[in-house]
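Me: I am new to this structure. I want to ask how the descriptions of it are justified, one at a time. Please keep the replies short.

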Protein chains: 2
Amino acid sequence: MARTKVAVGIDIGGTNTKFGFVDRNGKCLKDASLPTQGHEEAALLVKRLHEAITKEFTPLSSEAELIGIGIGAPNANYYRGTVENPPNLSWKGVVDVVGLFKEYFPLPVVITNDANAAALGEGMFGAAKGMKDYIVITLGTGVGSGLVANGQLIYGSDGFAGELGHTIVDPNGRWCGCGRRGCLETYASAGGICRTVFELLASRRDESTLRSVSFDDLTSKMITTAAHQGDPIALEAFDVTARILGMKLADAVTHTSPEAIILFGGLAHAGDLIFRPTKQYMESFMLNIFRNKVKLIPSGLPDGNTAVLGAGALIWKELAV
Amino acid sequence: MARTKVAVGIDIGGTNTKFGFVDRNGKCLKDASLPTQGHEEAALLVKRLHEAITKEFTPLSSEAELIGIGIGAPNANYYRGTVENPPNLSWKGVVDVVGLFKEYFPLPVVITNDANAAALGEGMFGAAKGMKDYIVITLGTGVGSGLVANGQLIYGSDGFAGELGHTIVDPNGRWCGCGRRGCLETYASAGGICRTVFELLASRRDESTLRSVSFDDLTSKMITTAAHQGDPIALEAFDVTARILGMKLADAVTHTSPEAIILFGGLAHAGDLIFRPTKQYMESFMLNIFRNKVKLIPSGLPDGNTAVLGAGALIWKELAV
């Protein structure tokens, strides 16, 4: 019997690096993860990944065949095969990640940033299946995005297109990790909604369970829990977040006119709390010709495996060209 | 001798409709225009155009051969071949413009909005020649735009992508013709800079020749002339306009990461007065990974013929596919 062709999908993150063997239908035959140690060089991580991938693949080798390696990583550059000054990894400067992998694996290797990988995954296996124009937005620690137009991911002239988290909401607004002020990410990320809660706690007099939590301890999950219990500060924080996100999504629609916008990541787990008001505000800010045309939907990929499936889709897509 | 293949490029505008015979190298063999009467039906305009095109083409017919018709028009939809509720024409509802042309011409006919046509023209014959990722922005009566990524115009899911004039600068800002508030168009168009002058005249005490001009009489050209003479209100108006435009261009870069942004139309004629500060503000608002990478340049097409050449490029591009 012919062996099943599988891609290795790898998601390099600040805390963990996950990988899995992804077939053409988006089925993940097996997955595993290893800790991404904070002060480890890229070369060492790749070496450990080679060992782990080999170990996990060996029992599958009679039924499966590796076709290539797709990698999603923060600040990855598709054109150059590099990761450049990643915010949550200790790697400095420009690291030739594709080159490092090729030293260990005699296979095609492609890399892109994590949000782009997620966008490809949604298109191939998930909520954007069959769509030619869509946007995927991750509302996690940061706000990442992948834009697809005419059936192709938009990399742009330098490979870094799709940074909607750094569109400017207010030039005099909150300080952002990027050094500028008022980026969407400072409002619509997991950390952004925490900052909004602290502003509301300062400006309002409503009672709230969140008044007993320090800035360091507050998480977006706590805000979700409080909102479900009717906490007025938490509910208002979702409304403020949704208004800003909805406005910037309406702006994004004027650029590429997507069929759907797919939200995933930590804040998207709040479900209706974030989807309903964001959709409402998005429509209220929408240019008439686009109104009530653009779907706002959650990821169609299994939670926790989005990035691995996306990285797998990346190499499947690459080899199909 | 083989006849030169030419495309008919047609630019339908609110005041005039221009057309020309455009060869593969962007040379316009001949052009002409006819008034677009305010209350004329689309069918009548097409009939008159057929007469005019036939008349102008007859003397060329021994040396040239028509390959097709490309049309640029406000609110045109590439997918449907229609013009839908155009703001500056008296046509109501959805007009099947491609269908009307096909009644008169046994040729391929394609339509797109005027800014998209300009973008194709710049890519094929002008300032974006050889570029795969760029944005063309018209700063005219309105602010239009055409986005090219991966060498293809972005039409989006419904054919209306690229409406950067309707990204939102300030949700509580100036009223826009689209019914919403704070669109880029209300600041960065010819009319937008006039509105800025009136705000400045109200808030400042500087002497200015513009204090003697009524709102109805003021034009962006007068503001340019005053600025060249050192008028402080006019100079400040360019600075305010450039700051807002620069910020929204930085946002646009985060979407598609273009190699260049090309500005044309009335306000772009102010040259350095608008280009220099816009570039400066764009860079100051730019996400670090894009900083000092994106060119801000004027149109590379002959003034006055941009739209006709763009419409010609549209059909050349279409037939090459």
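Reply: Start with helix 7 of chain B. Helix 7 of chain B is mostly covered, with 20 of its 25 residues buried. Keep in mind that this is a predicted model.

Me: What makes a residue of helix 7 of chain B count as buried?

Reply: A residue is buried if 20 or more other C-beta atoms lie within 10 Å of its own. In helix 7 of chain B, 20 of the 25 residues are buried.

Me: How do you know that the span of helix 7 of chain B agrees with its number of residues?

Reply: Set the expected span against the model. At 1.5 Å a residue, the 25 residues of helix 7 of chain B should span 36 Å. The expected span uses one less than the number of residues. The end C-alpha atoms of helix 7 of chain B are 36 Å apart, so the two values agree.

Me: What follows helix 7 of chain B?

Reply: B:Ser257 does, and its phi is positive, near 45 degrees. B:Ser257 has this positive phi although it is not a glycine. B:Ser257 sits in the loop between helix 7 and strand 12 (260-264) of chain B.

Me: Why is B:Ser257 called buried or exposed?

Reply: The cut-off for buried is 20 or more other C-beta atoms within 10 Å. B:Ser257 has 25 C-beta neighbours inside 10 Å, so B:Ser257 counts as buried.

Me: And why does A:Asn75 count as partly exposed?

Reply: Partly exposed lies between the cut-offs of 12 or fewer for exposed and 20 or more for buried. A:Asn75 has 19 C-beta neighbours inside 10 Å, so A:Asn75 counts as partly exposed. A:Asn75 is in the loop between strand 4 (64-73) and strand 5 (76-77) of chain A. A:Asn75 is not a glycine, yet its phi is positive, about 55 degrees.

Me: Now the pair of chains. What makes the relation of chain B to chain A that of a two-fold axis?

Reply: A rotation of 180 degrees superposes chain B on chain A, with 0.0 Å of shift along its axis and an RMSD of 0.0 Å. That is the relation of a two-fold axis.

Me: How do you know that the copies meet through the same surface?

Reply: Compare the interface residues. Of those in chain B, 100% are also interface residues in chain A, so the copies meet through the same surface. The contact joins 35 residues of chain B to 35 residues of chain A. Strand 10 (143-149) and helix 7 (232-256) of chain B each supply at least two residues of the side of chain B that touches chain A. Helix 7 of chain B gives the largest share, seven residues. By class, this side of chain B has 17 nonpolar, 12 polar and six charged residues.

Me: Which strands of the five-strand sheet in chain A stand at the edges, and why?

Reply: The sheet is open, with the order 11-10-9-12-13 and mixed pairing. Strand 11 (152-153) and strand 13 (295-298) of chain A each have a single partner strand, so one side of each is left without a neighbour in the sheet.

Me: What makes the pairing in that sheet mixed?

Reply: Look at strand 9 of chain A. Strand 9 and strand 10 of chain A pair in the antiparallel sense over six bridges, and they form a hairpin with three residues between them. Strand 9 of chain A is joined to strand 12 of chain A by five bridges, and these two run parallel. Here A:Leu263 is the bridge partner of A:Ile137. Strand 10 and strand 11 of chain A run antiparallel, joined by two bridges.

Me: Why is strand 9 of chain A called mostly covered?

Reply: Six of the six residues of strand 9 of chain A are buried. A:Tyr134, A:Val136 and A:Thr138 point one way, and A:Ile135, A:Ile137 and A:Leu139 the other way.

Me: How is chain A divided into domains?

Reply: Domain 1 of chain A covers 4-123 + 304-320, and domain 2 covers 132-298. Their C-alpha centres lie 27 Å apart. The contact takes 15 residues from domain 1 of chain A and 14 residues from domain 2 of chain A. Helix 3 (residues 114-125) of chain A gives the most to the domain 1 side, with eight residues.

Conventions:
Residues numbered from 1 in each chain as written. Chains lettered and ligands numbered in written order. Predicted model: local features only at pLDDT ≥ 70, side-chain atom pairs only at ≥ 80, totals over all residues. Least-squares fit on C-alpha atoms with pLDDT ≥ 70 in both. Contact = placed C-beta atoms within 7 Å. Helix = DSSP H or I, 4+ residues; strand = E, 2+ residues; numbered from the N terminus. Nonpolar A, V, L, I, M, F, W, Y, C, P; charged D, E, K, R; others polar. Pairing = 2+ DSSP bridges. Domains from an automatic or database assignment.
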